[in-house]
Amino acid sequence: FETLQQNDRALRDAVAGRPVSMAAGYTIAYALIVATALPAAVLMTVAGGYLFGIWLGGSLAVTGATIGAVGVFLVAGTSFGRRLGAGTSPLLGRMREGFQKNAFSYLFILRLLPLLPFLVASVVPALLGVSLRVFTLATVLGMIPGSFVYASVGNGLGAILARGEEPDLDILLEPEILGPLLGLAALALLPVLYRKLKGRRDVP
């Protein structure tokens, strides 16, 4: 919070003065973070909402993440990667059945819910022969809810700093922060709901 507050004016002036280059640089940086599996995607999404607002920030985050994921997918889908996919890895074996039943729905769930690391959910579909079109569409749609919620958190933080206020724990009661936090809580409950529904469906 202190670092953002100290550099708030410089960051906003940079975005206002060079909006296209700042947006492009942010998107490229996001794609590189995803492609190299650096654990900073959530922070980048929050920063996107802080710098560009909810809608543009969330859209840039989805775009950058998709570019990075597609890059990983294409590398994993080389002939060498396909040979690895033909192996008998227990993880690949368990996931192969899900992708064979409905690749789009299965990948959409993996993107929407934090059931697997993002990198794994980009590599395995390539090893199992999922098409690039299905992979890209499911990735984009699955990432939209979480990306815009995290961008909303960043936007709320930016609104507080723009008013000249110092962020503290009281910001949790601000509408700009409380709303996105409730959205995060809902997202956090989705895996629990998914497992319960799946468990009921699996019962004879």
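The legends below describe several close-up views of one predicted protein model.

Residues are numbered from 1 along each chain as its sequence is written, and side-chain values use heavy atoms, with hydrogens and water left out. In this predicted model, local features need pLDDT of at least 70 and side-chain atom pairs count only at pLDDT 80 or more, while totals for chains, interfaces and linings use all residues.

**Figure 1. The protein chain is built from nine helices and zero strands.** Helices (H or I, at least four residues) and strands (E, at least two) are DSSP runs, numbered from the N terminus. Read from the N terminus, the order of elements is α-α-α-α-α-α-α-α-α. The chain holds 204 residues, of which 38% are buried; buried denotes under 20% relative accessible area, exposed over 50%, and partly exposed the range in between (1.4 Å probe, protein chains only). A contact is defined as heavy atoms within 4.5 Å. Of the contacts with a separation of 6 or more, 74% are between residues 24 or more positions apart. The accessible surface comes to about 11,400 Å², and carbon and sulfur atoms account for 68% of that surface. Accessible areas come from the Shrake-Rupley method with a 1.4 Å probe; for residues, only the protein chains shown count as cover.

**Figure 2. Confidence differs between helix 2 and helix 5.** The predictor's confidence in each residue is given as pLDDT, from 0 to 100. The average over the protein chain is 78, and 70% of the residues score at least 70. Among the elements, helix 2 (residues 19–35) has the highest mean pLDDT, 93, and helix 5 (residues 79–85) the lowest, 58. Where pLDDT is low, the predicted coordinates should not be read in detail.

**Figure 3. Arg9 and Asp13 form a salt bridge within helix 1.** A salt bridge is a side-chain nitrogen of Lys or Arg within 4 Å of a carboxyl oxygen of Asp or Glu, and by this rule the count comes to one. The closest N and O atoms of Arg9 and Asp13 are 3.7 Å apart. Both residues lie in helix 1 (residues 2–17), four residues apart, about one turn of the helix. Arg9 is exposed, at 54% relative accessible area, whereas Asp13 is partly exposed, at 45%.

**Figure 4. Val15 of helix 1 touches Leu51 and Phe52, among other residues.** Val15 is buried, with a relative accessibility of 13%. Residues up to four places away in sequence aside, Val15 touches Met22, Leu51 and Phe52. Val15 and Leu51 are 36 residues apart in sequence, yet their C-alpha atoms are 7.2 Å apart in space.

**Figure 5. Helix 3 is shown with Ala37 in the preceding loop and Gly53 just after the helix.** Ala37 is in the loop between helix 2 and helix 3 (41–52). Most residues other than glycine have a negative phi. Ala37, a residue other than glycine, has a positive phi near 65°, and it is partly exposed at 43% relative accessible area. Helix 3 has 12 residues and reaches 16 Å from its first C-alpha to its last, close to the 16 Å expected at 1.5 Å a residue; the expected span is 1.5 Å times one less than the number of residues. The buried residues of helix 3 are Met44, Thr45, Gly48, Gly49, Tyr50, Leu51 and Phe52. Gly53 takes a positive phi of about 90°.

**Figure 6. Helix 8 contains the partly exposed Leu137 and the buried Thr139.** Leu137 lies in helix 8 (residues 132–162) and has a relative accessible area of 41%. Together with Leu141 and Ile144, Leu137 makes a nonpolar surface patch of about 220 Å². Patches are made of residues with over 30% relative accessible area and no salt bridge; like charges are joined within 9 Å, nonpolar side chains (Val, Leu, Ile, Met, Phe, Trp, Tyr) within 5 Å. Thr139 has 0% relative accessibility. Beyond residues up to four places away in sequence, Thr139 touches Thr66, Ala69, Leu107 and Arg111.

**Figure 7. Pro125 is a buried residue of helix 7.** Helix 7 covers residues 120–127, and Pro125 has a relative accessible area of 0%. Leaving aside neighbours within four places in sequence, Pro125 is in contact with Phe73, Phe99, Leu107, Val120, Val130 and Phe135. Pro125 and Met95 are 30 residues apart in sequence and 8.8 Å apart in space, C-alpha to C-alpha.
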